[in-house]
Amino acid sequence: QVQLVESGGGLVQAGDSLRLSCAASGVTFSRPYMGWFRQAPGKEREFVATINQSGERTLNAESVKGRFTISRDNAKNTMYLQMNSLKPEDTAVYYCAAGLGGTSPLGYSYWGQGTQVTVSS
């Protein structure tokens, strides 16, 4: 059974940094694309970033370019999202996902339970 567990969320001030982690089990971690999505109250789930199997290719949403960095360590079965220069509009529940990749949630078969990120102004 595939399990994805996020950690690292919290309450920070605008301009601060956070690093989210996503630990995977029950899957050969090096095989799937991995991604981060987020969902704010009353809004649809939104693409944040994705990374290919080797970690050499990444894609970020325009809203986080230059501020967020996605990475993965296949030896540790863990994916990361380094978030710098956080803004109040980054406040959301952040989800990690594994699957075929892309910017749509439909491209991912497995999801974590989410971790809350709150950025105060």
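In the antiparallel pairing of strands β1 and β3, E6 has C22 of β3 as its bridge partner. The model examined here is predicted. Five bridges connect β1 with β3. Both strands belong to an open sheet of four strands, ordered β1-β3-β8-β7 and paired in the antiparallel sense. Its edges are formed by β1 (3–7) and β7 (68–73), each of which pairs on one side only. Neighbouring strands are turned by 15 degrees against each other on average, direction ignored.

The inner pairings of this sheet also run antiparallel. Strands β3 and β8 are joined by six bridges. C22 reappears here, with M79 as its bridge partner in β8. C22 thus has a bridge partner named in β8, M79, and is itself the partner of E6. Six bridges also join β7 to β8, again in the antiparallel sense. Across that pairing, S71 stands opposite Y80 of β8. The two strands form a hairpin with four residues between them. In its turn, N77 has a positive phi of about 55 degrees. Strand β8 is mostly covered, with five of its six residues buried. In a regular strand, side chains alternate between the two faces of the sheet.

C22 also takes part in a covalent link. The model contains one disulfide. This bond joins C22 to C96, with an S to S distance of 2.1 Å. It links distant parts of the chain: C22 lies in strand β3 (residues 18–25) and C96 in strand β9 (residues 92–99), 74 residues apart. The torsion about the S-S bond is about 50 degrees, so the disulfide is right-handed. C22 has a relative accessible area of 0% and is therefore buried. C96 is likewise buried, because its relative accessible area is 0%.

The loop between β8 (78–83) and β9 holds S85. This serine is partly exposed, with a relative accessible area of 43%. S85 and G15 are 70 residues apart in sequence, yet their C-alpha atoms are 4.1 Å apart in space. Leaving aside residues up to four places away in sequence, S85 touches G15, D16, S17, R67 and D90.

A further set of pairings centres on strand β5. Strand β4 (residues 33–39) and β5 run antiparallel and are joined by five bridges. Within this pairing, R38 stands opposite E46 of β5. The β4 and β5 hairpin has six residues between the strands. Among them, G42 takes a positive phi near 80 degrees. Strand β5 also pairs with strand β6 (residues 58–60), through three bridges and in the antiparallel sense. Here I51 stands opposite T58 of β6. The hairpin of β5 and β6 likewise has six residues between its strands. G55 in this hairpin takes a positive phi near 90 degrees. Five of the six residues of β5 (residues 46–51) are buried, so the strand is largely enclosed by the rest of the structure.

Aromatic contacts involve β4 as well. The structure holds four aromatic pairs. One of these is the edge-to-face pair of F37 and Y108, at 5.2 Å centre to centre and with 75 degrees between the planes. F37 lies in β4 and Y108 in strand β10 (residues 108–111), so the pair ties together parts that are 71 residues apart in sequence. Both rings belong to buried residues: F37 has 0% relative accessibility, and Y108 has 4%. Ring pairs extend the arrangement into a cluster of F37, F47, Y108 and W111.

One arginine lies over two aromatic rings. The charged end of R45 sits over the ring of Y95, 3.8 Å from its centre. R45 also lies over the face of W111, at 4.8 Å from the ring centre. W111 is itself a member of the aromatic cluster with F37, F47 and Y108.

Definitions and conventions: Residues are numbered from 1 along each chain as its sequence is written. Side-chain values use heavy atoms; hydrogens and water are left out. A disulfide is a pair of cysteine sulfur atoms within 2.5 Å. Buried means under 20% relative accessible area, exposed over 50%, partly exposed in between (1.4 Å probe, protein chains only). Two strands pair if DSSP finds at least two bridges between them. Axes are lines fitted to C-alpha atoms, for helices over the stretch in contact, and angles run from 0 to 180 degrees between N-to-C directions. Contact means heavy atoms within 4.5 Å. Rings of Phe, Tyr and Trp (its six-membered ring) pair if their centres lie within 6.5 Å; planes under 30 degrees apart count as stacked, over 60 as edge-to-face and the rest as tilted. A charge sits over a ring if NZ of Lys or CZ of Arg is within 6 Å of the ring centre and within 35 degrees of the ring normal.
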